[in-house]
Amino acid sequence: MKTSLFLASSLVLLMAGCGVTRDEATVSPLVAQPREEALRLESAQLVSKDGAHVRYVTWTFTRRVPRSLMASHVRVLVDGSPVPGELLAEPYADAPTFRYDLKGDVPLTAPITLRFDASVRSTDGQLLEPALLRSGTTSAPFEATLSIADMTGCGAHCWRTGRSPAVTPPSR
Amino acid sequence: MKKRRQPPVMALVLLGAITAAAHAEAQPAPINCPVPNQWNFIPYNDDVRRFPVDAANAVNASGYSPADRYANNIDYGWQMWFSSNVTQVQLVFSRFELESGYDKFLISDRNGTMVLTGVLDNYGFQTYTTPALFPVQDDPSYDDNFLNLRFTSDVSVDDVGWALKGVNVWCGTSNQPALQRSTVSQYHANMQLNGVLLGSGDVRYFKTLQKAGNGLFIHVKPDTPYRGRTAYDLDLYVSPTDPFPSPTSNTQSSTRGTNCKDRPYPIPGFTQEDTMCEDAVYVQPVSYDRIVYWAVRSFSGAGAYRAYANNVAKTLAFTVGVEGVNYKSWAPQGQTPMDQTQNILNLLRASSGAFYQATDGTAVISRWEIYNNVPKVTDNVYGCGGSPCNIRLVTFGEGGSCSRGYGLGGAASCGFSVLQGSVYDGQWWGNLAAGEAALGIVHELGHCYYNMTDEYDGCPPNGGAKVGGIFDGHSIMNSSHREFLDARWPTSWPQDFCTDSNHRKDEVSGGLGVCSDHQTICTSDASCPNLGTCDKTSCHGSYSDPLSGWAHMKACSPSQFAVYYVTGTPDPETWYNSDIWADSRLTVIHENP
């Protein structure tokens, strides 16, 4: 069971975990669906390979973003502190999807926050729209916090396979 | 098998241009690259979606989608063979997106293994071409010239995967003599040999060990067709004595042309005429081990093939009783009676193909005995030659079932003979396409012949109707009607009996009568078998179902696996070629008076 997280309607993005509802399977795939005009965070997920620790965090924007820019404009925080790791070296060019591999054993129970710099721009120059970050309606407009609050009892094999569910765009 | 037309003019021109090698006067030799000293592109279309897709996240449950993602726990290896003039190769991917670091495409050449992973196609914005690869050429006395390919996915997280569009080949030599490969072909994973031929007249020689008592079924299939492909046509020549079988020296051959009705499912935008028919030869068993030689030769054009040489250790015959009606003149109520013979023949031939498919080529149903208007078994009269019918074609709308199979006799009920059970089928009079109905027959044979359990998926806790769009995608015993009716192509749906390793590794079977996708309903860890853990309402474990999979088939039919025993992902090939299974030398259908 992968640790599949997606943006919820509050600051804390709840992890569906092993109990992910099957409804999510009905959304369009991340790669194939047409990108929207605005640059926003489309989805994010935690991935575990052992059911106990977070191995990496991955997120997808609605548009391509230069990797060189992303490397210096995102921070991954655990309990508010930066967590050691590295942005995946691929893709080499601009991409909609990025991955941050965590170094060390970060337990699945720890809340992980993606904090983007306000100057994140898409390849074609569009600024990240905080209003389109569902979590971004409070004091931290460019943060998305991922947690696994509802994963208790999953045991040693609790990660869900499959892709990250896309997030329904919020109403404007 | 139909015979075909004269060679096209281009083929004659190219054949005439071949310089005969001194070593190989008597047999056709590999041709040279069309353009020397530079890369030559040869189409070779293959796609990760030939393997099981991530069914739970399938984009379109009713049809193939290019955005579908590969399943987890795949491990499949095969080889890619080249003509002996080819010295360097590049693989050209039109798509390459795997979970980086965890899911891998491995290519082994003579210098080692290259591991491809992650996103190499810039998310669909460009193709990816590998660096030059140097095919393995182990022994100069032979003609070994191949790459080992392998695709693996781990236990979690998938992606859209890879798609090959072709290979670039570079001929560093020319006019190489025709030589055999050094090893027999049965010892690499999954038995699949892929390859490309450079043009008309090009040839690749193979050899396979035919074990004593086994039939040997050799197939040459085209690569996956695609819109706009240039037509090509390859042939198969076989001989147990001549190491270089040819059009003039063979004991069996298959020279089918194009435009066969091989494809079970339509492919959008694809023209049937564009693709060669599958060539196949069945070599009868002999009482001793021997080498069988075979050649794949291009009759016209350059293109790719997938070849299999399957030792068939189990040959089966089943009886079929049409229960309570005369199939020579019958129709469901309200319809005009008609002769249903052709519908039955179509179903049985399709079932032959589906059974061969499900067993990965280890077993063949070579004979069906049809009995007309047999009494109901409840009358305690055995209508098929005085014995219970293995298959009972009934008229009361039975989708399919197995009586007295799994569960009623425990492990002792392997085969029909012990408990005298039957497969019931109510889809034989054309109310369902033969290929689809055949999947039901084979599923029930899984129960009645191999004693396998169901592996239903998608059942909510405490039973009830399946939830739409849920399927686990790993075996033909995942038997809900929804899976059987899927019309995907290339087929990526469960049509094999499962191997132990392709069970979903994190789940266990619920066992008999439990609505399960290898999950047992539970309330706590203590209520899960075999030290499984309880996630909300479903048990999870790390072991396979002891009453399913190849190990269990082997227990029921040990001789079936005398030569090889599939240990990885089952081959994703389909064997529904109706022309081949209609060949009376392969499938005898006898109508009893």
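pLDDT is the predictor's confidence in each residue, on a scale from 0 to 100. That score matters here since this is a predicted model, in which local features need pLDDT of at least 70 and side-chain atom pairs count only at pLDDT 80 or more, while totals for chains, interfaces and linings use all residues. Residues are numbered from 1 along each chain as its sequence is written, and chains are lettered from A, with ligands numbered from 1, in the order in which they are written.

As a whole, the model scores ipTM 0.71 and pTM 0.79. Chain B has a mean pLDDT of 76, with 68% of its residues at 70 or more. Helices and strands are DSSP runs (H or I over at least four residues for a helix, E over at least two for a strand), numbered from the N terminus. Among the elements of chain B, helix H1 (residues 9–17) sits at the bottom with a mean pLDDT of 33, and strand E6 (residues 128–129) of chain B at the top with 97. Over residues 501–521 of chain B the score is below 50, and this stretch has 72 contacts in the model beyond near neighbours in sequence. Here two residues are in contact if their C-beta atoms, placed from the backbone, lie within 7 Å. Residues 541–546 of chain B also stay under 50, with 18 contacts beyond four places in sequence. Where pLDDT is low, the predicted coordinates should not be read in detail.

Now for the make-up of the chains. Chain A has one helix and nine strands, and from the N terminus on they run β-β-β-α-β-β-β-β-β-β. Chain B has six helices and 24 strands. A residue is called buried if 20 or more other C-beta atoms lie within 10 Å of its own, exposed if 12 or fewer do, and partly exposed in between, with C-beta atoms placed from the backbone. On that count, 46% of the 172 residues in chain A are buried, and 54% of the 593 residues in chain B are. Looking at contacts with a separation of 6 or more, residues 24 or more positions apart account for 75% of them in chain A and for 76% in chain B.

In chain A, four strands make an open sheet in the order E2-E3-E7-E6, with antiparallel pairing. Strands count as paired if DSSP finds at least two bridges between them. The edges of the sheet are E2(A) (41–47) and E6(A) (85–87), each of which pairs on one side only. E6(A) is joined by three bridges to E7(A) (residues 95–107), and the two run antiparallel. Within this pair, Gly85(A) has Leu102(A) of E7(A) as its bridge partner.

Chain B offers another antiparallel pair, with five bridges between E11(B) (residues 215–222) and E14(B) (residues 279–283). One of the links goes from Val220(B) to its bridge partner Asp279(B) in E14(B). In a regular strand the side chains alternate between the two faces of the sheet. In E14(B), Asp279(B), Val281(B) and Val283(B) point one way, Ala280(B) and Tyr282(B) point the other way, and all are buried.

Two helices of chain B can be checked with a ruler, taking the expected span as 1.5 Å times one less than the number of residues. For the 18 residues of H2(B) (residues 341–358) this gives 26 Å, which agrees with the 25 Å between the end C-alpha atoms. For the 15 residues of H3(B) (residues 434–448) it gives 21 Å, and the end C-alpha atoms are 20 Å apart, which agrees too. H2(B) is mostly covered, with 14 of its 18 residues buried. In H3(B), 14 of the 15 residues are buried, so the helix is largely enclosed by the rest of the structure. Arg349(B) belongs to H2(B) and counts as buried because it has 26 C-beta neighbours inside 10 Å. Just after H2(B), Asp360(B) takes a positive phi of about 50°.

Finally, the cores. A nonpolar core is a set of buried Ala, Val, Leu, Ile, Met, Phe, Trp, Tyr and Cys residues joined through C-beta atoms within 7 Å. The largest has 125 residues, and those touching the most other members are Val169(B), Ile218(B), Trp294(B), Val320(B), Ala438(B) and Val442(B). A second, separate core of 25 residues includes Leu41(A), Trp59(A), Val76(A) and Leu128(A).
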